[in-house]
Amino acid sequence: MKKFLLATILTTAALAAAGCGGLTNTDWATQLPDAGSSGAGDELQAALDRYAGALVSKDRDGFLSVIDAENTDFTSRQDVLFSNLQAVPFQEYSITITSRSDAGGGTVLVKVNIAYTLAGSFSELPDPERAAYHMVRKEDGWKLSGDASEQALGKKRATGLEDFGPVIVTEGEHVIVLSHPAQAGISAEARDLSDSAYPRLTDTLPGLELPKVPIRIFGGMGQIEQSYPGGWQEWTGGASRPLGSTAGQGGEIIIDAGTFRETASYGTGYNGRMLAHELTHVALFPEQGSRTPPFLVEGLADYVAGIEPVVLLREKMRSGETFSPTLSDLYQPSGFSTLLSTEAATLAYEEADLAVEYLVITYGNEAVLDLLREFRKRSGEEIDQGQLVDEVFREVLGVGWSDFEDAWRDYVLRG
Ligand SMILES: [Zn+2]
């Protein structure tokens, strides 16, 4: 039952790796002949601004007016893309040229950063994705004439939901669900489950209010792997990832429709807990630092979702059996990404769950947030993780790590 909790959060490091890399193009430094004058650069950017603006305002004619009509193949693919994105309520869509070079024959290659926000959702543009276009000058201005991402960046541009068909939007009070028509039922269910989970999140973590959190529902694992290549170690139905490092950039939840259907059939509130767990992750992203003990984060996400009965850990403790991981293993930043068996994962979550439950009952839920904030503040310190944990616990709770661990063990045994 705890299997979904293995859902791996894409780390910011993984995001950075996904957003860059590939081949370097040594010709790239070539500047346009007229790069020194402001003209061409501004005009290229202006054409991309019209393209992006038309996506926001749903102006198909305006959108197609900046596509090179002579490239019929590219034009028809862009036309499909526009249709697929028609229902998506973009607040802002940004395409910014980062560099450009003469590609010969009157065409120019532009490398761009692409990012957008959704109306009612996080207000700051997320970390951008990189792409590249061919552009060509026509009598009435510059036109996009082809995708040059593979050529210029050494890899295809990141795939999105819109590449797999029309995107439908199912808005709730607290989430905005993007999916395909075949997943309309699941989208409504994910919306309702998220909306009903939200009050428990804000009750438990006062002050951590979220705008509408985007939920992307993919039709299958193949689509997810194409959209987030190498991003997931294991798939268990739902996961969350930060969209940048600031609270304003926020995060999103990603769901595999196939697994969601399967877990819905358990009929035990599994999907509701999964969504509450992932929503909590999105709320906690800005509170986390590189040294934050992951048991605090996973435990809090479970606490908001509703902790299930702890059986295995209690058995092991009562029988005096040694077990792995220990709670100390789980304050290491990599503590949850190195769990190798289902038993280890079950134990890890049971330990985290009861650690947070004990913290909340004994010190109040604010104390758990205070711990997270103190760890974030001290994330740059070059001291041993054990020493850092001990010092932060002393500072925030007034007890050192080993006293805390003893008290936690007593709490587990009492239960
Ligand atoms: Zn989690």
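I looked up the partner of Val 177 in β7 and found that the bridge there is to Ile 215, while on the β5 side Thr 170 has Val 177 as its bridge partner in β6. This is a predicted model, in which local features need pLDDT of at least 70 and side-chain atom pairs count only at pLDDT 80 or more, whereas totals for chains, interfaces and linings use all residues. Residues are numbered from 1 along each chain as its sequence is written.

I then noted the pairing (at least two DSSP bridges between two strands) and the elements, which are DSSP runs numbered from the N terminus, helices being H or I of at least four residues and strands E of at least two. β6 (residues 175-179) pairs in the parallel sense with β7 (residues 213-218) over four bridges, and in the antiparallel sense with β5 (residues 168-171), also over four bridges. Three residues lie between β5 and β6 in their hairpin.

Next I checked burial (buried means 20 or more other C-beta atoms within 10 Å of the residue's own, with C-beta atoms placed from the backbone). Val 175, Val 177 and Ser 179 on one side of β6 and Ile 176 and Leu 178 on the other are all buried.

Last, I turned to α13 (residues 365-377) and α14 (residues 385-397), which pack at an angle of about 135° with their axes 10 Å apart; the axes are lines fitted to C-alpha atoms over the stretch in contact, and angles run from 0 to 180 degrees between N-to-C directions. The two helices are therefore oblique to each other, a word for angles that are not under 35, over 145 or from 65 to 115 degrees.

Conventions
A residue is buried if 20 or more other C-beta atoms lie within 10 Å of its own, exposed if 12 or fewer, and partly exposed in between; C-beta atoms are placed from the backbone.
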